[in-house]
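Colleague: I'd like to learn how to read a model like this one. Can you walk me through it?

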Amino acid sequence: MSGLAFIIAGMLAAATPFLLAALGELVAERSGVLNLGIEGMMAFGAVVAFIIVHRQGGHVAGFLLAGVAGMALALVFAWLALSLRANQVAAGLAIAILGDGLSALFGKTYESTTVTGLPKIALPGLADLPVVGGLFRQDPIVWLTLLATLGIWYALRFTKLGLVIRAVGENPGAARAIGYPVLAIRYGAVAFGGLMAGFAGAYASTVYTPLWAEGMIAGRGWIALALVVFATWMTGRVFFGAVLFGAVSLAGLAAQASGVSLNSQFLASLPYIVTIVVLGIISSNKRLLKINGVASLGEPFGP
Amino acid sequence: MTPMPFRLRLIRRDGASRRAALLAPLAALLAAGLVNFLLYIAMGKDPAAVFYAMLVEPFVSWSSFSEVLLKMTPLLLIAEGLAVGFRAKVINIGAEGQFILGAIFAASIPVWFPQATGGWIWPLMLLLGGMGGALWATVPAFWRVRLNASEILVTLMMSLIAAQLLNYLLVGPWKDPMGFNFPQSVMFQNDAILPTLIPGTRVNVALILAFVWAGLIYLYMQKSFQGYQLLVGGLAPHATAYAGFSEGRAVWLSLLIGGFAAGLAGAAEVAGPLGQLQRSVSSGYGYTAIIVAYLGGLHPIGIIFSSLLIAALNIGGDNAMVSADLPKAAVEVFQGSLLVFYLAAITLVRFRIRWRPPQEVRA
């Protein structure tokens with residue numbers, strides 16, 4: 001397989017953990033809440049899913065319970081940040097640390113064990129195309145994630161629920177004045193973010209690399225946070241950003257396989273370096289951030 | 001209008017009473033302790049053994065308490081530096097990477113000049129370490145000031161890169177050729193090791209340095225005009241901009257001070273208890289120090305106590321790992337939940353909770 005075909009075939013799967021987590025955070029941030037705890041929610045979801053699948057509970061139960069686990073942490077965050085109006089940054093960091101700790105604690109006895117991933121589903125006809133054929137041969141979670149991306153894009157843009165979420169994020173005072181329960185909507189958005197982060201962790205540990213290693217999330221939750229900024233809070237751009245990251249993380253491997261000598265530590269740092277560079281480029285465009293940004297992001301709201 | 005589902009109402013006090021502010025960390029400790037001991041019981045551990053190992057054993061003998069002081073040193077150094085930034089709303093969560101860079105910079109002397117002797121070596125290593133940490137923090141500072149990028153994300157990414165840089169050095173150019181292929185550097189020569197402070201223990205002069213640093217930060221934050229500017233900049237950014245204080249300067253100062261402190265701690269770790277550069281040089285000090293800083297109320301004096309507490313918890317966790325078969329990660333969970341409860345407690349200190357009578361709901 002040529003390097004290009006390798007990247008095309010693998011980039012959607014590599015993008016999926018970023019995409020799931022970033023979509024969830026996107027919804028939370030559109031409602032005006034900045035949850036920095038994604039890394040912890042992903043790590044906790046990852047260990048829960050791995051344990052379930054390892055004990056023959058199956059991927060469906062694994063993903064569902066991972067989602068519940070991510071959501072549980074998200075609700076702790078919401079209680080701190082929304083009900084008690086604690087500092088959102090500190091509360092998010094607390095969740096990140098707590099989730100990482102829970103992940104390491106529960107994963108201890110499973111270190112270096114493996115589970116079976118999921119078989120791929122090919123789109124008939126398209127999957128046999130040269131070069132790009134691999135793009136149409138993906139595991140079911142990738143297909144579901146693509147559907148979820150479409151669904152979230154549609155919901156945020158065209159449904160009443162999406163409008164309410166955006167209104168709450170733009171001007172919570174006005175949203176409340178016309179009768180919407182701002183806190184409840186924010187609770188819901190944050191919980192959804194936790195659910196998606198749990199799924200993202202489950203995908204990372206039981207499908208993408210079905211092997212348990214402590215710290216396996218390796219900063220992907222933080223990159224997902226950066227992706228939401230790159231995308232300037234727009235669903236379509238979150239998708240393209242995630243796929244770009246998937247491709248970048250594979251490009252190094254492809255180059256290495258084709259004989260280019262690349263340092264493996266440099267390869268491992270590549271996603272972080274790209275994140276820093278892109279973050280600098282996008283953020284320096286203050287106008288873009290101001291137009292698309294969420295007006296009340298990170299600000300506590302209370303009676 | 002639909003009535004709010006919440007009957008509880010938070011009423012902001014004009015100021016948190018000092019006694020309540022002191023009570024919040026203790027209440028958090030109590031709550032976190034309770035929840036975590038329930039967790040240990042659920043995991044089938046002997047709660048009495050865990051309790052003894054974690055909360056009593058660190059203090060019963062001089063030798064174990066000296067380990068607490070040793071562990072406290074980097075936490076105190078880093079957290080004092082981070083708190084400066086946190087109070088100015090510059091959130092540096094990359095102390096882990098700045099610590100690693102400090103360790104690398106300090107190790108460069110014994111790695112490149114293993115034969116060198118002289119009393120100047122360890123002080124120079126500490127200085128280099130601080131500079132290495134500050135250097136690593138210039139990237140997020142530049143990114144924030146010039147490119148408007150979130151320092152939270154950039155500092156974290158820099159930490160992940162630092163870990164890879166350390167790996168590269170330890171499996172590549174800096175690997176000890178006689179080290180049986182372990183990813184670690186040569187053992188440092190005697191003059192590259194910090195002098196021991198208390199004979200018979202591993203406590204070294206870095207402990208004094210940490211207390212001096214805490215004192216300097218106290219003077220800087222509480223007594224100097226620049227520290228006051230930083231503080232007000234965090235509380236009321238618009239007002240300070242109007243008064244002509246530069247936000248960019250606050251960002252640079254915060255990140256350089258935080259980076260210097262973390263780098264110094266990293267240098268003191270390799271030149272202290274480790275005596276060589278290893279892959280596990282940091283063991284999470286950079287992240288733990290974030291908790292220490294918040295738990296100490298971001299106050300230079302409070303942080304002295306919180307660093308002692310968290311250090312004792314860590315040593316207690318090590319004890320419990322041996323005596324009660326408790327995984328090391330349990331300490332991380334304890335610390336994470338401690339921060340959760342602290343944030344809850346500190347809010348309850350600042351707010352008075354009012355039970356809203358039903359008729360008032362519709363008002």
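What follows is a chat about confidence, fold, helix packing and the chain contact.

Modeller: Sure, and keep in mind that this is a predicted model.

Colleague: Then how do I read the confidence, and which elements of chain A have the lowest and the highest mean pLDDT?

Modeller: The general idea: where pLDDT is low, the predicted coordinates should not be read in detail. Chain A averages a pLDDT of 92, with 99% of the residues scoring at least 70. Among its elements, helix 12 of chain A (residues 286-292) sits lowest with a mean of 83, and helix 2 of chain A (residues 38-54) is highest at 98.

Colleague: What is chain A built from, and in what pattern along the sequence?

Modeller: Count twelve helices and two strands. Reading along the sequence, you get α-α-α-α-β-β-α-α-α-α-α-α-α-α, with the strands following four helices.

Colleague: How does the radius of gyration of chain A fit a compact globule?

Modeller: Take the 303 residues: a compact globule of that length would have a radius of gyration near 19 Å, and chain A has 19 Å, so the two agree. Along the principal axes, the C-alpha atoms of chain A fill a box of roughly 60 × 45 × 40 Å. Buried residues make up 52% of the chain.

Colleague: And what share of the contacts in chain A join residues at least 24 apart?

Modeller: If you take contacts between residues at least 6 apart in sequence, 79% of them join residues at least 24 apart.

Colleague: Let's move to helix packing. What do I look at?

Modeller: Two packed helices are described by the angle between their axes and the distance between the axes. In chain B, try helix 3 of chain B (residues 62-87) against helix 10 of chain B (residues 247-274): the angle is about 170 degrees and the axes are 7 Å apart. An angle over 145 counts as roughly antiparallel, so helix 3 of chain B and helix 10 of chain B are roughly antiparallel to each other. Residues making the contact include Leu70(B) and Leu77(B) from helix 3 of chain B, and Phe260(B) and Ala261(B) from helix 10 of chain B. By type, the contact residues split into 15 nonpolar, five polar and two charged.

Colleague: Last one: how many residues of chain B are in contact with chain A, and which element of chain B gives the most?

Modeller: 39 residues of chain B are in contact with 42 residues of chain A. Elements giving two or more residues on the chain B side include strand 1 (8-12) and helix 5 (121-147) of chain B. Helix 13 of chain B gives the most, with twelve residues. That side of chain B divides into 28 nonpolar, nine polar and two charged residues.

Terms used
Residues are numbered from 1 along each chain as its sequence is written. Chains are lettered from A and ligands numbered from 1 in the order in which they are written. This is a predicted model: local features need pLDDT of at least 70, side-chain atom pairs count only at pLDDT 80 or more; totals for chains, interfaces and linings use all residues. The radius of gyration is taken over C-alpha atoms; the globule rule is 2.2 Å times the number of residues to the power 0.38. A residue is buried if 20 or more other C-beta atoms lie within 10 Å of its own, exposed if 12 or fewer, and partly exposed in between; C-beta atoms are placed from the backbone. Two residues are in contact if their C-beta atoms, placed from the backbone, lie within 7 Å. pLDDT is the predictor's confidence in each residue, from 0 to 100. Axes are lines fitted to C-alpha atoms, for helices over the stretch in contact, and angles run from 0 to 180 degrees between N-to-C directions. Angles under 35 degrees count as roughly parallel, over 145 as roughly antiparallel, 65 to 115 as roughly perpendicular and the rest as oblique. Ala, Val, Leu, Ile, Met, Phe, Trp, Tyr, Cys and Pro count as nonpolar, Asp, Glu, Lys and Arg as charged, and the others, Gly among them, as polar.
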